[in-house]
Each structure stands twice: as structure tokens, then as C-alpha cells.
Amino acid sequence: MTTLRFEDGTIHLATDLELSIPGVEADPRSGGYRAPAMEYAAIRDELERRGIEFEDTLALESDLPLSTTYDLREYQRAALDAWLDAGATGVVELPTGAGKTVLAVGAMAALSVPTLVVVPTIDLQDQWIRELETEFDVPIGRFGGGEQTQEPITVSTYDSAYLRADDVGGDFGLVVFDEVHHLGGQGYQDIPRMLAAPARLGLTATFERPDGAHEAVEELVGPRVYQLSVDDLAGDHLADYEIRRLEVELTPDEREAYEQAQETFVSYLRTSGISMQSGSDYQKLVMRSGNDPRAREALLAKQRARDIMMGSEAKVEHLSRLLARHRDDRVIIFTASTDLVYRIATRYLVPPITAETGTKERRQILERFRDGTYDTVVAANVLDEGVDVPDANVAILLSGSGSEREFTQRLGRVLRPKSDGSTAVLYELVSVETAEERVANRRR
DNA sequence: TTGACTCAACATCCTTTGCTACAA
DNA sequence: TTGTAGGTTTCCATGTTGAGTCA
């Protein structure tokens with residue numbers, strides 16, 4: 001008799017037959033065959049194709065009473081169809097605010113199998129659970145945030161999924177990865193490997209990663225099956241928007257300090273033979289800095305130069321004009337450093353949010369921003385992703401990285417359609433004749 | 001139960017000029 | 001002809017998160 005069983009994140013195939021299935025290896029210790037759990041569907045298909053009778057101890061197709069009242073928008077319907085046509089595997093890329101959760105609910109209702117939803121933050125976990133409890137008449141389990149309760153539909157953080165996948169990986173027929181680009185991380189890639197779920201849905205607003213790790217995501221979840229950009233939906237389902245770049249000058253003191261720091265960095269590159277053509281060259285420099293004091297000094301100088309161009313006095317000065325112009329608007333100011341957040345908070349009496357802001361205080365600030373008590377907040381990177389941020393119509397990017405993802409996420413914060421149909425505005429403040437001009441171009 | 005703390009993991013961190021090999 | 005990727009393996013700093021521990 002041939003039997004399929006889930007064991008510690010793997011599929012064990014107990015059989016007397018001689019088999020040769022790609023990805024499946026003989027396991028002499030247990031006297032059978034073994035493969036990562038993600039090969040489950042392929043193994044089952046292969047056994048069926050060869051007409052081999054087998055017992056399947058994984059019950060992934062139990063019929064859950066899932067129905068949805070959501071009326072999918074045209075593009076959501078198209079995305080769902082594309083995913084189903086691809087065999088219920090793959091990634092859907094939709095901009096922030098385009099209703100990725102709704103799409104996932106549609107997918108869950110279409111398959112009606114036990115489902116694991118994996119999300120990056122506790123905040124998102126809370127949102128998903130609220131949404132699923134409203135939509136479906138079944139209990140919703142939770143892995144993470146100090147709770148470990150499993151139900152046919154369970155929402156987990158990536159961290160908890162990593163800890164539990166070897167244990168529960170044989171219990172779900174569908175897995176939904178919210179913000180699926182996180183799966184590019186080395187450790188997180190083990191999560192989909194240890195899950196048997198044949199159906200896999202990845203959701204993101206920014207699929208491609210600069211480090212190329214989206215290729216690993218494609219192998220683990222499936223290729224991108226549907227894609228819409230912000231511009232595809234702006235004006236219809238998202239607000240129209242405008243990007244305004246404002247160029248500011250460094251003060252003479254800042255300029256001198258910037259040029260000096262930059263020269264320290266560049267002259268080290270010249271003498272060390274590092275050509276700095278890609279991220280991996282930068283990595284080489286970082287490694288060298290571990291035992292080469294000059295390399296370390298070069299990196300620290302680069303850091304100083306970054307701080308100067310990103311937090312220049314002229315930017316903070318210019319901010320006062322923007323805040324005056326948008327006195328009646330709802331404004332989020334984004335920076336790349338916590339220092340700058342607190343400088344602005346002190347100078348303009350704007351509530352700050354950084355990683356140091358406790359959960360309770362953070363929730364309070366966002367609640368007051370939502371109800372209109374505050375019309376402006378300033379944040380470092382905390383509001384980029386994974387947080388339910390109230391709608392705003394003006395975003396001011398005082399500083400940021402060259403990451404296209406970060407830019408898209410920040411733009412997404414002002415794109416919820418406005419009741420009066422008005423246009424959202426995103427300001428980018430850039431210090432001229434610094435590396436920031438290049439950084440700003442890259443992220444677009 | 002809460003808050004403060006530590007720890008591990010992840011992300012970004014880069015330049016600008018020209019060489020070589022290879023694929024489309 | 002044109003466009004694009006090209007070797008390495010353990011790490012400067014900063015920002016952020018979730019899990020775990022302890023009082």
C-alpha cells in the first residue's frame with residue numbers, strides 16, 4: 001500500500017514500489033520517499049498519472065461553508081480569474097488601496113478549503129481577522145501576538161508561520177501570503193517549503209525586488225499572474241495624483257561638510273580598486289570594513305554625507321511653507337531617519353511616530369489623525385507598510401531611500417479616492433548636487 | 001496582564017565610466 | 001548590433017518588526 005503523510009514540514013511517501021519522481025528522494029531511514037511539503041501536489045498528480053493507488057492522510061479539501069457578499073470590481077474579477085486559470089497558484093500585484101483583501105476573500109470562497117493567511121505585522125493580522133470574521137461565518141484562528149489558536153481559517157504572522165509551519169503545514173489547502181515580497185528573505189523562504197497547500201496566492205503592491213529574490217518567490221508561490229499599476233487605477237478606483245519635486249540648496253556649511261565626507265568615501269573607492277557598480281560591490285566594501293579601518297571610515301563618511309543631504313536645513317525650512325500652503329489638508333511627512341522626525345516634531349509641533357513610539361501611543365496618534373484632531377503627522381519608515389494609516393491627501397517626502405517599494409508605499413498613503421474627487425499631491429524634497437538626485441531618480 | 005527589555009531577522013546601504021563575455 | 005550581467009559568504013550603521021523572557 002502507498003501512503004502520503006505530512007511529517008515535520010515534509011511529505012513522507014510510504015510504499016513498496018520503486019519510484020522515481022523529480023524532487024522526491026529515497027529516505028532509507030524510514031523506508032520510503034521524502035520531499036519538502038510543497039511538493040505534495042506534484043507527488044499526488046504523479047501517482048494519479050501513473051495509476052498508482054494510494055491513501056492520502058492529508059485532508060486539505062474539506063468543504064468549508066465559505067461564501068462572500070463582496071461584489072468584485074472588474075479588475076479584481078480579472079485578477080481572480082487569472083489566478084484560477086493558472087491553477088490557483090501565483091502572485092497578484094495590485095497597488096495599495098486596490099482591494100487585495102477582497103480579492104483574497106474571493107479566492108477563499110472560490111476554493112472553500114482550509115486556509116492559512118500569512119501577514120508581516122500584528123496590525124495587519126488584526127485587520128485581516130476583523131475582515132474575515134465579518135465576511136465568513138466560521139471561527140478565525142491566530143498564530144502570533146502571543147496567541148496560538150488554530151482554526152480551518154487561521155491568520156499568522158510570518159514569524160509565527162516560520163515557527164509553526166513544520167507542525168501545521170499539512171492542515172491547509174490554500175495559503176495566502178499578504179505582502180508576498182517578504183518571502184524573498186532567506187529565513188522566510190522555508191515557510192512555503194514546509195507547507196503542503198497546493199493552492200497559493202501571493203499579494204503585493206511591489207513584486208520585484210532589487211536583489212532579485214522575487215525569482216525565489218516565483219518558485220515557491222508561482223509566477224506573477226496579474227498586474228496593475230497605480231496609473232492603471234488612478235482617477236477611477238484610486239485618487240488622481242500629482243508628484244512635485246522641489247529642489248533645495250545645502251547651506252555653505254552643509255555643502256562643505258558634505259563634500260568633505262563624500263570625498264573621503266570616493267577617494268577610498270579610488271585607491272581600493274572597488275568600482276561600485278552594483279549593490280554587491282557595496283557589500284564588498286561593507287565586508288572589508290570589518291577589518292580595514294579605512295574602509296570603515298569611508299562608510300561612516302558616506303553615512304555622514306547621507307545625513308547631511310537628507311536632513312538639510314533648507315528642507316526643514318521649506319517644510320514650513322508647505323505646511324502653511326496645506327493648512328486645511330491632511331498631511332503625512334515621511335523621513336528616512338528618526339532624528340529628523342523628532343527635529344520636525346519639535347519645531348512644528350507635529351506628532352511623531354517612529355519605531356520608538358509604543359503601540360498604545362502610536363494607536364492614539366493615528367486615531368486622532370483619523371478623527372481630525374491632528375491634521376499632520378511625521379514618521380520615519382513605520383507607516384510605509386503593514387499599518388492601517390488613515391487617509392491623507394498630501395504626502396511630503398523629506399527624505400527616503402532609493403527603494404521603489406518605499407516610494408510606491410508612501411504614494412499609496414494618499415491614493416484612497418477623495419469624496420470631493422480632488423487630486424492627491426506628493427512632494428519630494430531633493431538636495432541639489434548631491435547623491436540624492438540620483439536616489440530620487442532611481443526610486444521612480 | 002502589562003511593560004521593559006533582549007534578540008534575531010530583514011531592508012537599505014552604492015557610482016557614473018568604461019571593460020568583457022554572452023545572449024537575443 | 002544591442003543590451004545586460006558580470007565573481008562573494010558573513011557584515012559598517014540605522015530603522016523596524018515579532019517572539020520570548022522576566023519582573
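**Notes on the DNA contacts, helix 3 and a pocket**

1. Let's start at the DNA: an N or O atom in the side chain of Arg296 sits 2.9 Å from a phosphate oxygen of DNA strand C. That makes a polar contact (a pair of N or O atoms within 3.5 Å). Backbone N or O atoms also approach phosphate oxygens of DNA strand C, at 3.1 Å for Ala355 and at 3.2 Å for Val382. Helix 5 (158-168), helix 10 (279-288) and helix 11 (293-310) each give two or more residues to the surface near this strand. Helices are DSSP runs of H or I, at least four residues long, and strands are E runs of at least two, numbered from the N terminus.

2. Before going further, please keep in mind that this is a predicted model, in which local features need pLDDT of at least 70 and side-chain atom pairs pLDDT 80 or more, while totals for chains, interfaces and linings use all residues. Residues are numbered from 1 along each chain as written, chains are lettered from A and ligands numbered from 1 in written order, and side-chain values use heavy atoms, without hydrogens or water.

3. Which residues come closest to DNA strand C? They are Ile122, Ser160, Val286, Ala380 and Asn381, out of 26 that surround the strand. Near here means a heavy atom within 4 Å. Among the strand's atoms within 4 Å of the protein, 77% belong to sugar or phosphate, and bases supply the rest. The protein surface there has eleven nonpolar, eleven polar and four charged residues. (Nonpolar covers Ala, Val, Leu, Ile, Met, Phe, Trp, Tyr, Cys and Pro; charged covers Asp, Glu, Lys and Arg; the others, including Gly, are polar.)

4. Stepping back, chain A has 16 helices and 19 strands. Its C-alpha atoms fill a box of roughly 80 × 60 × 40 Å along the principal axes. Of its 444 residues, 53% count as buried, meaning under 20% relative accessible area, with exposed over 50% and partly exposed in between (1.4 Å probe, protein chains only).

5. Why call helix 3 largely enclosed? Nine of its twelve residues are buried, so the rest of the structure largely encloses it. Lys100 is one of these buried residues, as are Val102, Leu103 and Met108. Just after helix 3, Ser112 has a positive phi of about 55°.

6. Helix 3 turns up again in the second largest pocket, where helix 3, helix 4 (122-135) and helix 15 (404-412) each supply at least two lining residues. The largest share, four residues, comes from helix 4. The pocket holds about 830 Å³ of space, and of its 31 lining residues Thr96, Gly97, Gly99, Thr101 and Gln127 are closest to the centre. By class, the lining has ten nonpolar, nine polar and twelve charged residues.

7. Two glutamates deserve a look for their backbone. Glu179 has a positive phi near 50° and lies in the loop between strand 11 (174-178) and helix 6 (190-193). Glu433 has a positive phi near 55° and lies in the loop between strand 19 (424-431) and helix 16 (435-443). Are they buried or exposed? Glu179 is buried, at 13% relative accessible area, whereas Glu433 is exposed, at 60%.

8. One last residue: Ile43, in helix 1 (residues 40-49), counts as buried at 1% relative accessibility. Its C-alpha atom is 8.9 Å from that of Leu13, which is 30 residues away along the chain.

Key: Polar contact = N/O pair within 3.5 Å; in protein donor to acceptor, adjacent residues only side chain to side chain. 1 Å grid on protein atoms, 1.4 Å probe; cavity = no way out; pocket = protein on both sides within 12 Å on 5 of 7 lines; lining within 4 Å. Points joined across faces, edges and corners; volume = space filled by probe spheres on them.
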